[in-house]
Amino acid sequence: MALNSKEALLKALQLSPDLDDEVISQNISTIITVAVDDETYQPSLKTVYDSVLQCHGGLVFLEPLDVLPHLLRCRREEAVDLISLISENSSPKEVLIVVQEALEQLTQLAREDEAEEEYAVRSLINIIVLSTKSLPRLTLGKRTALSEVSPLVSGVISAISSLGRDFTLDSGRSLLEEVSRMSQAFYTWIIKTGSEANAAEARTLITLLLDTTVLACASCIRASLCARAFEMHYPRLTLTSTIEPKWQEGEHAILSVLTTLRVMNLSPQDVPTMSSLIMLAHEKESYPLLKDLSSKLHSMLVTSIQMNFALDESLFLIFRCVTQDRTQSDLPPDLATSLCVVLPALASTHLDPFIRHFSLRLIALILARLPSVFQQQILITLASGAELPQMRAAAVGLLKEFVLDALQIPALSGEQNVFASPLLIRSFGPILFRTMPPDYLTRVQVADDIEKSLEPSRIAEVLSFYYVLLQRDKDNKTGIRDPDNIASVESSLLRPLRSFLEKWSNTTGMRMSYFCLMQPDRSFYS
């Protein structure tokens, strides 16, 4: 591309042709300062960028100390282009001065809660872009690359920490990518110019930077790990996709962090905080996940779920663990028990319907990896729990699945499956075949009492369970057909329910959908 003369630059920027170079620089600085705040101002930032780039020697008219403080707070593309141009061509020492001052100011404003969120995040990203291209251009004297990098990286860590977790979807993803890009550039510079000791210290510092950034931007990734896994494993259960429209952008952002770790010969397991969960969930390479899940990651997973933090990644890790190679040993009972304490809260109360559904599927998958004795203990807790009444109906549904499996699949020699034995009715009968609370039916006064209660859905699940068990357990392995058990269910649940429905049918004139309960059908028991 043929370069224009200085006269063409002055004409494009509407400046007098007889100005000396110093005054030209001052005027360009003024134009940039005004154009940053006024998008309609002419000449615009784009005009300045194009004119300087096309002018032979035009780069000398850009004064980093004057224009960068204004450009750093501008989010427009032409401002970023000018920042990149300056970072690649202007004095790296002058750029570093601006960067250090901007970081200190930004961190201070964020700590005092006086920084506008959009301005602060945009400034931080621009500072990182500027540093990535400019700092490695420094001529090293007695100082090492590590000594130049360390204070800047520490400043970026402080700024990110001070800004908290208020990044937008786009800004958080951009921050992840730009931090990764800067980290790779700095580490490459350090290992090329310094010692192995410098490289080791750089790995520690940069790992801390990546950790801080991932934790701060965790909510911006949204790569729909769980939704994609669910739709792949359960296509028939997927009615409406819950995959994020731009999940690939979030995936690309976090993968840039993983790439940086690999450049430093590190892995997610080398990061000692909860960000390792996030990175590990997006790691494509195979690894002994079950071993990690039951040791290093266990407490972090539980904490993540309890805090409602990085749920997509944490739930996906659990899903991948319990659906991977089934030839591996069962889940450790302590791990399964702890997960079946925290997951029911998600399945019961989380605002996102998909999270509730997925958490329930996880509980079923975890239980399936346990011996029947532990399955029994956990399901009894879920079916009778007062803290999470929403789980009672779901627990009955899970119980039905395990009972049907147990009745269909012969037990291994010497092993008794509690779900295909009289222990089933002995342990679950007193919980299932009654109302919760026992006087529930007498408390109902108006239809609204029924509509607002969770008990009708639990009763419906219990009736379904009872019917299916009678139909499938032809050999009476569970003892469900024993006269004593039939009489017990009749007196504790069916008769009170039948009386209740008769009363409501008579008083309201409604035809009840449970008419079949008015009289017992003895063919069920034959």
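**Figure 1. Tyr234 and its ring partner Phe230 in the predicted model.** Tyr234 has a relative accessible area of 18% and is classed as buried, because the cut-off for that class is under 20%. The model shown here and in the other views is a predicted one. Phe230 is buried as well, with a relative accessible area of 4%. In the structure as a whole there are eight aromatic pairs. One of them joins Phe230 and Tyr234, whose ring centres are 5.1 Å apart and whose planes meet at 45°. The pair is classed as tilted, because that class takes the planes that are neither under 30 degrees apart nor over 60.

**Figure 2. The Phe419 and Phe428 pair.** These two rings also form a tilted pair, with 6.4 Å from centre to centre and 35° between the planes. The centre distance qualifies because ring centres have to lie within 6.5 Å to be paired. Both residues are buried: Phe419 has a relative accessibility of 1%, and Phe428 has 2%.

**Figure 3. An aromatic cluster.** Phe230 and Tyr234 belong to one aromatic cluster that also takes in Phe319, Phe354 and Phe358.

**Figure 4. Surroundings of Leu424.** Leu424 lies in helix H22, which runs over residues 423-432. Its relative accessibility is 1%, so Leu424 counts as buried. Leaving aside residues up to four places away in sequence, Leu424 touches Leu399, Val403, Val418, Phe419, Gly429, Phe465, Leu469 and Thr478. Among these contacts is Phe419, the ring partner of Phe428 in Figure 2. Gln376 is 48 residues from Leu424 along the chain, and the C-alpha atoms of the two are separated by 8.4 Å.

**Figure 5. Arg228 over the ring of Trp247.** The charged end of Arg228 is placed over the Trp247 ring, at 3.7 Å from the ring centre. The distance criterion is met because the CZ atom of an Arg has to be within 6 Å of the ring centre.

**Figure 6. Cys55 and Cys321.** Cys55 has a relative accessible area of 4% and is buried. Cys321, at 1% relative accessibility, is buried too. A disulfide is a covalent bond that links the sulfur atoms of two cysteines. How many disulfides does a search of the whole structure find? The search returns zero, so no pair of cysteine sulfur atoms in the model lies within 2.5 Å.

How values were computed. Residues are numbered from 1 along each chain as its sequence is written. This is a predicted model: local features need pLDDT of at least 70, side-chain atom pairs count only at pLDDT 80 or more; totals for chains, interfaces and linings use all residues. Side-chain values use heavy atoms; hydrogens and water are left out. Helices (H or I, at least four residues) and strands (E, at least two) are DSSP runs, numbered from the N terminus. Buried means under 20% relative accessible area, exposed over 50%, partly exposed in between (1.4 Å probe, protein chains only). Contact means heavy atoms within 4.5 Å. Rings of Phe, Tyr and Trp (its six-membered ring) pair if their centres lie within 6.5 Å; planes under 30 degrees apart count as stacked, over 60 as edge-to-face and the rest as tilted. A charge sits over a ring if NZ of Lys or CZ of Arg is within 6 Å of the ring centre and within 35 degrees of the ring normal.
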